[in-house]
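Ready to practise reading a protein model? Work through the exercises below, and try each one before you peek at the solution.

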Amino acid sequence: MSTSDSNSYVFEPGSAGADVSQQIRDISEVPAIEVITTAAVHLMSAAAVKLGLAEEDNAAELKDLDEARKLITALAGLVTAAAPEIGSQHAGPLRDGLRSLQLAFREESLIPDAPGKGPGEKFTGAVN
């Protein structure tokens, strides 16, 4: 396949291209606040699972603090950056959930991080 072939996209009814076109139309109707809060909730849920907080019988087996740290830090960055845009009505609960995850991480860690060095604390400040 030549470079020009790989860069041309034809949207035909019934093709994968038509599905993408429909998805683009669908997402265009979703308010930014909803996209942001949905992404934050997904990060929160994934972090909770990686902290071993899932309600499953095998929750301890799912624990991965390195992965949880990454997810919490990403969540902190998103919440901090988005707060002025989404307003306190939406940002407040997200901050509360983030703080709960940060505290849970601190409790689960065998070697505690120094104050201000925990996951996401470079965005939120030290969590006690």
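Contact here means heavy atoms within 4.5 Å. Keep that in mind, and remember that this is a predicted model.

**Exercise 1. Get an overview of the protein: which secondary structure does it have, and what share of its residues is buried?**

Solution. Start by counting elements: the protein has seven helices and zero strands. Reading along the sequence, you get the pattern α-α-α-α-α-α-α. Next, look at burial: 27% of the 128 residues count as buried. Then turn to the surface, where the protein exposes about 8,500 Å², with carbon and sulfur atoms supplying 55% of that area. Finally, check the contacts between residues at least 6 apart in sequence: 58% of them join residues at least 24 apart.

**Exercise 2. Work out how helix 3 and helix 5 are oriented to each other, and what kinds of residues make their contact.**

Solution. Step one is the geometry: the two axes come within 9 Å and cross at roughly 160 degrees. Step two is the cut-off: angles over 145 degrees count as roughly antiparallel. Helix 3 and helix 5 are therefore roughly antiparallel to each other. Their crossing is left-handed. Step three is the residues. Helix 3 brings, among others, Ile 33, Ile 36, Leu 43 and Lys 50, while helix 5 brings residues including Leu 65, Glu 67, Leu 71 and Ile 86. Sorted by class, this contact has 17 nonpolar, no polar and two charged residues.

**Exercise 3. Do the same for helix 5 and helix 6: how do they run relative to each other?**

Solution. First find the stretches: helix 5 covers residues 65-86 and helix 6 covers residues 88-108. Their axes come within 10 Å and cross at roughly 160 degrees. So these two helices are roughly antiparallel to each other, and their crossing is left-handed. Now see who meets whom: Ile 72, Leu 75 and Val 79 are among the helix 5 residues in the contact, and on the helix 6 side you'll find residues including Leu 94, Leu 98 and Phe 105. The tally is 13 nonpolar, three polar and three charged.

**Exercise 4. Are helix 3 and helix 6 roughly parallel or roughly antiparallel?**

Solution. Take the angle first: the axes come within 11 Å and cross at roughly 15 degrees. Angles under 35 degrees count as roughly parallel. That makes helix 3 roughly parallel to helix 6. The crossing is left-handed. In the contact, helix 3 residues such as Thr 37, Ala 40 and Met 44 meet helix 6 residues including His 90, Gly 97 and Leu 101. By class, the residues divide into nine nonpolar, three polar and no charged.

**Exercise 5. Decide for His 42 and Gln 102: buried or exposed?**

Solution. Place His 42 first: it sits in helix 3, which spans residues 32-50. Exposed means over 50% relative accessible area. His 42 has 56%, so His 42 is exposed. His 42 is also 29 residues from Leu 71 in sequence, and the two are 9.6 Å apart in space, C-alpha to C-alpha.

Now go to Gln 102, found in helix 6. Buried means under 20% relative accessible area. Gln 102 has 4%, so Gln 102 counts as buried. Who is around it? Leaving aside neighbours within four places in sequence, Gln 102 is in contact with Ile 72, Pro 119, Gly 120, Glu 121, Thr 124 and Val 127.

Methods:
Residues are numbered from 1 along each chain as its sequence is written. This is a predicted model: local features need pLDDT of at least 70, side-chain atom pairs count only at pLDDT 80 or more; totals for chains, interfaces and linings use all residues. Side-chain values use heavy atoms; hydrogens and water are left out. Axes are lines fitted to C-alpha atoms, for helices over the stretch in contact, and angles run from 0 to 180 degrees between N-to-C directions. Helices (H or I, at least four residues) and strands (E, at least two) are DSSP runs, numbered from the N terminus. Angles under 35 degrees count as roughly parallel, over 145 as roughly antiparallel, 65 to 115 as roughly perpendicular and the rest as oblique. A crossing is left-handed if the near helix is turned anticlockwise from the far one by less than a right angle, and right-handed if clockwise. Ala, Val, Leu, Ile, Met, Phe, Trp, Tyr, Cys and Pro count as nonpolar, Asp, Glu, Lys and Arg as charged, and the others, Gly among them, as polar. Buried means under 20% relative accessible area, exposed over 50%, partly exposed in between (1.4 Å probe, protein chains only). Accessible areas come from the Shrake-Rupley method with a 1.4 Å probe; for residues, only the protein chains shown count as cover.
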